[in-house]
Every structure is written in C-alpha cells, then in structure tokens.
Amino acid sequence: MTSQLRSAQWYGGDDRDGYIHRAWMRRGLPSDAFSGRPHIAIANTASDLTPCNAHLNEVASSVRDGIHEAGGIPLNLPVVSLGETLLRPTAMLWRNMAAMATEEMLRGNPVDGVVLLGGCDKTIPALLMAAASVDLPAVVVPGGPMLTGTFRGAALGCGTDVWRLSEEVRGGTLSREDFIRSECAMIRSRGHCNTMGTASTMGLLAEALGTVVPGLAGTPAPDSRLLESAHATGKLAVELVHEDRTPGTLLTRASFHNAIVALAAIGGSTNAVVHLLAIAGRLGVELTLDDFDRIGSRVPLLVDLQPAGRFLMDDLHRAGGLLAVLREVRDLLDPDARTVTGRPLVDHLDDARVWDREVIRARESPLKEAAGIAVLRGNLAPSGAIIKPAAASAHLLSHRGRAVVFDSIEDFHARIDDPDLDVDADSVLVLRGCGPKGYPGMPEVSNMPLPRKLLESGVRDMVRVCDGRMSGTAYGTVVLHVAPEAAAGGPLALIRTGDVIELDVAARTLTVDVPDAELAARTPGRATTDGYAAPARGWERLYIDHVSGADTGADLDFLTGSTGPAVGRESH
C-alpha cells in the first residue's frame, strides 16, 4: 500500500531524504504514520479577518477525528483566506492568487488527499479551482450560514437588508439611529450570510457539482450536525484516496449541467457564473456563458429566499435543503453526474422531502416560472452580459432609456446625489471601469445606489449597466459582467451620457441606439479614478496582464487546464 500512496515518495525508503522527511514530522505521530496510512491535508481558510470562516478551526477538529477514525493522518494546512466584507480593494482580485497558492501547497507537500474548508464567498471557489488544478482526491465541507437575526420584530437578511435599509436612510424613511441599531442584530451567530448570496450559493453548488457529502451544504454553522457531517467527511476523504476518486474523475460536463440547474432553482448568485466558468476552465471541461442560459434560464425558481424572496438559509435547511429542491427538478438533472460518494447525485434524492412548501415551492407552483440567469448580447455586449430576472423588477425587463454615464466608482460617488444631476426614473445608469482589468478585480459595485432625489420621490429600482459584479445578496434590475469590459476595449467605453440604451431580456439583447460607424469613430471615455495608477509590480500587475474576461471566468490565462499532482523536481 505504501508504494501506492503519493506521500510515500517523501516518506518511503531508508535513504537520507526519507530519514529527514520522517524525522521532521515525528512530533507526536506514531511510527505507522509513514507505512501505508494516507496523509490528508485539511485546507483550512479559518481566519479572524474572514469572520464568516472564523469557526472553521472547530470544524477542522471534527474532520481530523474522522480522518483518524478511518486510518488516515490528518494535517492542518492553513491557506489564503479571503474575507469578502473587509478585504480591499475587492476579494475577487485575490481569488486566483488564493487558488494558485493552495494548488502549489497541495502539490508541493506530501499529501494524498485534501478536505477543503470554506465558507465566505471566494473561499470555496478558490479551493475548488486549486483542487481541480492539482487533481488530488478532494472533498468540500462548507462552513454554513449564520442563524437569522431580527430587528423591530422582523427577520434580517445579512447583506440584502443592508442594501434595503441603507437606501431607506438615503430616501428619508429610516433614521440613521435605527439603521445603526440594526447593525447589532444582523449578525446573530457564526457563519456566512444567511441570504441566497454568493457564499450560500457556492456552498450549495459545490454539493450540486458532487464535491460535498450530499445533504451537508446549507447546514447552519452553529448546528451540531455540521460537526457530525465534518467527521463523516474526514472518514470519506480516506476512502477517496483508496479509490483514487479525484476531481478529474468526478467533475464532468454533466456535473456543471446539474450545478446550473441548481443555480436557477435556488435563485442563486450571479457570481456563480464566473466561479463555475473558472472551475471548469481548470479542469478543461467545455463550459460557456451560453450554457447558463441554455440550461438554466427556463428552470423554475422554487426557493423563496432573499434577495429574490422572503425567507433565509436556516429556513431552507429546515424545509428540506438542497436535495429536496433538486428532487422537484429531477427530470432536468443529468443522471450520469457522480458525487464524492461514488454514486450519482440523483441517487441521493429518493429520500429527500419538502417540509415547508412556503420555503420550497412545488414544481407546479414555483415562485417564478423561468428565473435562471439570462445571457444578453448586442452591440453593447458582444461577448455577453448577464442579468438575474428573479431579482429584477418585471416592468423594467423590457426598457428603453437615456444613459447617465459614470467613468469609475469614484466618479459615481462624487455625482450620484448631486441634485442637479440630469437623471429621471427612466434613465439607465451606466458604470464602467469596473471589470477584471479596469478596477482591477471586478468589484461588487454594479447594483449602484439610486440617486437620492429619485429615492425621495419613491423610486426603488432603475436599469443599471456595469462591467463589474454585484453582491449575491443584492437585488434590482442590474445588467452586469458586460464583456468585453471597458478597460479591455469593449463598447461600454464608448457610451456617452444621452445615448439611448435598450434592454430586452425576453429577446436576450442589450443595445445602444448609436450607428456602428459613429461608435467606431468615438474615443473611449477616460476614467476619473482619483489618482489610481496601474501598479508596476506585485500581484496586481500580474493580474492585469493575464486576467481573462468575465465571460470566461476571470481566471489568469496561464492557470487554465489541470496540471496534476506531479512535482517537477526533487527536494534538496
């Protein structure tokens, strides 16, 4: 068995190298730790600066116990952790770096498999990108959502209600004092956002992909069943090594098909599009932006959760969880897609039940008939843009209005509340310079706050167009991920205030009513970034030079495709 384990390349033999590797690891490990027992890394994103993941050390302890029970050797491996709310300029700038660093640590160390612990938005995508690239046996434990807090007798959705309450303050219908009071009530427990934001979405989609023990994703962070499942996952990780069940053998086009169906049925975050595209790119799985529309756009929205609905993540768990949702759309799933258990995903749906039809709707009475991600194209987005109809206002899904253009987020903040700004409810707010290269890092700024004077008059939604992203907890009629982005020469750089923009979601078009010849003759608008200059060194320089567009996952061009676990040179 020793010769079959990857770790034996370090620990096997009686030569000097084997001696050194074993000796340096003999800090409480028994002698048989180096003779046929799989070494399992616990890639742990716990960090006090990633509050959503701060409890993962406790989860890691349960994983460790499970690995021990199954005969493996658990090894804690702290990896880069990205806190969505704190990290500047945007956590998305560092997703590819976190993935690359984790990949190299897994490849360069004597480990046979890995358990991936993530929660906050970018951590699970980065971990899955790394695991796909190194292709060692891997399984995910999502950290889980927080419990529901309340304010003035009503449930608070982390993230979604921040946007709502802050707009109420700007509109004069909520005092600043009450707004600050709500701050203490929103975060009730450990765990990530309790809305169907990016963290919840990616935890659930990791299960839909087959990389999580079925039934685990969505378990609230304080729930003792999370630790029970973490223990079981530790045991499973040892089995994965013995069976050589790697991401490359599990994650197929069928797996991504099922993830896209799940994304639509749960009303998941638009950020899942760039993350799934990036994970597929690391595996060499052919997945395109159009697949999200083709597979998911006609899938009914069944989960009544904020921001598209009313409830929150602990309600979804109580109502039956992801497997209960997927059972409702079983006929839309690809039955060939397998999971870390070795069995097809659909085999795990037989015993799933819905316990609350208010939270999880029946297939015949969905929250919305066709609510998956819609992909738009036209002379404003030749390579595509996306919109989440489930979070948009129905009356704005077909709209024609005059553009009000902002060259950067700084320009937007400087002018949006100017009482003399020439804007009305029919205007289309356009924000550019916020794509992967332009910001850099593609920040979550597409759901622009509305002009104060319109909020005060009762307006609560407008069409907004941007080459950046928006938080999965956000809502509104927002067209985002416009590609090519303005900084990469996309048409968005040529739009001027006063141009007429037309959005037609049913027709899947986003156009500007300007002749092609006139557009081609224009000079791109200049961003007013308050002195920001493109960096001459470091990660940001590397990122700008090599990042791809949102339409292909915003990964670095030299990181696509799986490299595998082999190390090129011996250690000396």
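**An internal cavity and a helix pair**

In this predicted model, the largest cavity is lined by 13 residues. Nearest its centre lie Leu-128, Ala-138, Val-139, Thr-211 and Pro-247. Three elements each give two or more residues to this lining: helix 5, which spans 123-134, strand 4, at 138-142, and helix 10, at 247-250. Of the elements, strand 4 provides the largest share, with three residues.

What is the chemical character of the lining of the largest cavity, counted as nonpolar, polar and charged residues? The division is 10 nonpolar, two polar and one charged. The volume of this largest cavity is about 60 Å³. With a cut-off of 30 Å³ or more, the model has six cavities.

The second topic is a pair of helices. Helix 11 covers residues 253-266 and helix 15 covers residues 321-328. The two pack with their axes 10 Å apart, at an angle of about 100°. Angles of 65 to 115 degrees count as roughly perpendicular, so helix 11 is roughly perpendicular to helix 15.

Which residues make the contact between these helices? From helix 11 come Ala-262, Ala-265 and Ile-266. From helix 15 come Leu-322, Val-325 and Leu-326. By class, the contact of helix 11 with helix 15 consists of six nonpolar residues, with no polar and no charged ones. The lining of the largest cavity, by comparison, includes two polar residues and one charged residue beside its 10 nonpolar ones.

Notes. Residues numbered from 1 in each chain as written. Predicted model: local features only at pLDDT ≥ 70, side-chain atom pairs only at ≥ 80, totals over all residues. Heavy atoms only, no water. 1 Å grid on protein atoms, 1.4 Å probe; cavity = no way out; pocket = protein on both sides within 12 Å on 5 of 7 lines; lining within 4 Å. Points joined across faces, edges and corners; volume = space filled by probe spheres on them. Helix = DSSP H or I, 4+ residues; strand = E, 2+ residues; numbered from the N terminus. Nonpolar A, V, L, I, M, F, W, Y, C, P; charged D, E, K, R; others polar. Axes fitted to C-alpha atoms, helices over the stretch in contact; angles between N-to-C directions. Parallel < 35°, antiparallel > 145°, perpendicular 65-115°, else oblique. Contact = heavy atoms within 4.5 Å.
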